[in-house]
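Me: Could you give me a close look at one spot in this model, and then show me what the rest of it looks like around the chains? I'd like to follow along residue by residue.
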Amino acid sequence: MITRFITEVQTAFNPFSPRAKSARLFLSFLPPNARSSGMSITTRLLPRASDAPSKLYVKFRDGKELNIDADNMGIKSIIEEVDRHSRILQKADDLAAA
Amino acid sequence: MPPRLRCTASARGLTAAVKPSRPSAALLRPATPAVTSAARQYATVSRGLSLPDDYVPPTKPPTARPGETRKAQLLRTYTSLLRTTPVILLFQHNNLTAEEWIAVRRELKAGIAAVATTGDASADLASKAQLQVLRTSIFDVALKLVEFYDPSKVQPTSAPTATGKRVKVTYNHDLSKAAWKAVRGVTMGETKIPETSTYAQLSPLLVGPVAAFTLPAVSPQHLAAALSILAPSPPKFPAPTRKKSPGYHEPITQSALQKLLLIGARIEDKAFDMEGVKWVGGIENGLDGLRAQLVHMLQSAGMGLTSTLEGAGKSLWLTMESRRSVLEEEQNGGKTEEKKAEA
């Protein structure tokens, strides 16, 4: 996953629900130095009895915001979705550098 | 002593000397008669010491899957952990570096060692509490094994001893065929998993990178100390102060703690969420405190009960007593009237 262009990640999930899987896996895909390199990551754990859907919000460097339906999407499709925009930014970056 | 392996080189030399025209046939020939007879002798010697064909060494009982692999031994470790350890906190760890793990473990050790309780047990607890990364899939199997496999129900089978005598043996260890069948039954849906079982509640947690903090006894003080280090929440479990433990406030430790998420716990075979863990950690004075509360409650309830039971008897006694006094008065009154009449 290209994480260079993500500036903010917000998640909320109930770990006791099987639907929290993709939101949790998304967190594990962020690199070890994500916070120190300027990404702000906030995670809220919902209580065990809560039925609220898991939330995944991603904000990019150019201000684009993504609200991902982490309840019904697998981790692969979430990464695909996030990378789709990251690649655009990467291309722009490469062109500017060249 | 004859050679253990057939020495084709010497045989070739011998046959080549006899029939030098056909070396290829000599190569195909197994061995010279002298060598085979020697080999036979060797075999007869070993037959006297041989074990039965289906002999199973007592230290290495048969297993359903290869028992020497890392996976199998890890499964044994996890089942014993689950059977003996009452407090297991489960954390999600998101890409901690080795340095960060070291820092977290150091702070955790210091925090738990600082718990002031009397007796040697607490020192022992502090040295045995540990934070370890789990292999989730194997931990999942271990949870199933602990909950759905009953080793006492396995039927004994007969196996030969070294002398050839057959004896009854029960192979009910965690890697046995019976255990494997029980877990397979759960996995394939042959055995229904009840919604209330601990496995059903904990299995959604075992996804992605999971680490476990284990404490070998239910000690709310130690649990509170661990919580205030690993997942501080200010009013009840405040993080240690900068003055007390400067290492805790180093950037490495802080960035490690940001990546550790307390997702749940298994305390005394029951699943707990974060609030539940905080409740257990918040029990004042440990288990003894809880027992004292219970005793106090029972005592006060008993006192209430005795006063209620006494109340009915008391009121009856009061009525009877008042009635008696009235009757006595009447009798006395009658007597005085009689006396007056006599007078």
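Where in chain B is Asp269(B) found?

Reply: Happy to take you there, with one reminder: this is a predicted model. Asp269(B) sits in the loop between β6 and β7 of chain B. Those two strands cover residues 260–267 and 270–272. The backbone at Asp269(B) catches the eye, with a phi near 65°, a positive value in a residue other than glycine. Glu268(B) is found in that loop as well, and it also has a positive phi, of about 50°, although it is not a glycine.

How do the two residues stand with respect to burial? Asp269(B) has 11 other C-beta atoms within 10 Å and is therefore exposed, since 12 or fewer is the cut-off for that class. For Glu268(B) the count is 10 other C-beta atoms within 10 Å, so this residue is exposed too.

Now let's step back to the chain that carries this loop. Chain B has 13 helices and seven strands. Of its 343 residues, 23% count as buried. Taking the contacts in chain B with a separation of 6 or more, 75% are between residues 24 or more positions apart.

Among the strands of chain B, β5 (residues 210–215) is a good one to trace. It pairs with β1(B) in the antiparallel sense over six bridges, and Val87(B) has Leu215(B) as its bridge partner there. β5(B) is also joined to strand β2 (residues 130–134) of chain B, by five bridges and again antiparallel. In that pairing, Gln132(B) is matched with Ala212(B). As background, strands of a sheet pair through backbone hydrogen bonds, either parallel or antiparallel.

The helices of chain B come next, and α10 (residues 220–230) is a useful one to watch. Its axis and that of α5 (residues 98–113) of chain B come within 9 Å and cross at roughly 145°. The crossing of α5(B) past α10(B) is right-handed. On the α5(B) side, the contact is made by Glu107(B), Leu108(B), Gly111(B) and Ile112(B), while α10(B) brings His222(B), Ala225(B), Ala226(B), Ser228(B), Ile229(B) and Leu230(B). Sorted by class, that contact has six nonpolar, three polar and one charged residues.

α10(B) also meets α12 (residues 274–281) of chain B, where the two axes come within 8 Å and cross at roughly 130°. The two helices are therefore oblique to each other. Here Pro220(B), Leu223(B), Ala224(B) and Leu227(B) of α10(B) face Val277(B), Lys278(B), Val280(B) and Gly281(B) of α12(B). Six of the residues in this contact are nonpolar, one is polar and one is charged. The general helix geometry is handy to keep in mind: an α-helix has 3.6 residues a turn, so residues three or four places apart point the same way.

Finally, let's turn to chain A and its meeting with chain B. In all, 18 residues of chain A are in contact with 19 residues of chain B. On the chain A side, α1 (21–28) and β2 (40–45) each supply at least two residues, and the largest share, five residues, comes from α1(A). The residues on this side divide into ten nonpolar, four polar and four charged.

That helix is mostly covered, with six of its eight residues buried. The buried ones in α1(A) are Ser22(A), Ala23(A), Arg24(A), Leu25(A), Phe26(A) and Leu27(A). They pack against β1, β2, β3 and α2 of chain A, and also against β1 (87–93) of chain B.

The strands of chain A include an open sheet of four, in the order β2-β1-β3-β4 and with mixed pairing. Its edge strands are β2 and β4 (65–68), each of which pairs on one side only. Neighbouring strands in the sheet are turned by 10° against each other on average, direction ignored. Between β1 (residues 6–13) and β2 of chain A there are six bridges, and the two run parallel. Along this pair, Thr11(A) stands opposite Thr43(A) in β2(A). Helix α2 (residues 75–97) of chain A lies across β3 (55–60) and β4 of chain A, at about 170° to β4(A).

Key:
Residues numbered from 1 in each chain as written. Chains lettered and ligands numbered in written order. Predicted model: local features only at pLDDT ≥ 70, side-chain atom pairs only at ≥ 80, totals over all residues. Axes fitted to C-alpha atoms, helices over the stretch in contact; angles between N-to-C directions. Left-handed = near helix turned anticlockwise from the far one by under 90°. Contact = placed C-beta atoms within 7 Å. Nonpolar A, V, L, I, M, F, W, Y, C, P; charged D, E, K, R; others polar. Buried ≥ 20, exposed ≤ 12 C-beta atoms within 10 Å, placed from the backbone. Pairing = 2+ DSSP bridges. Parallel < 35°, antiparallel > 145°, perpendicular 65-115°, else oblique.
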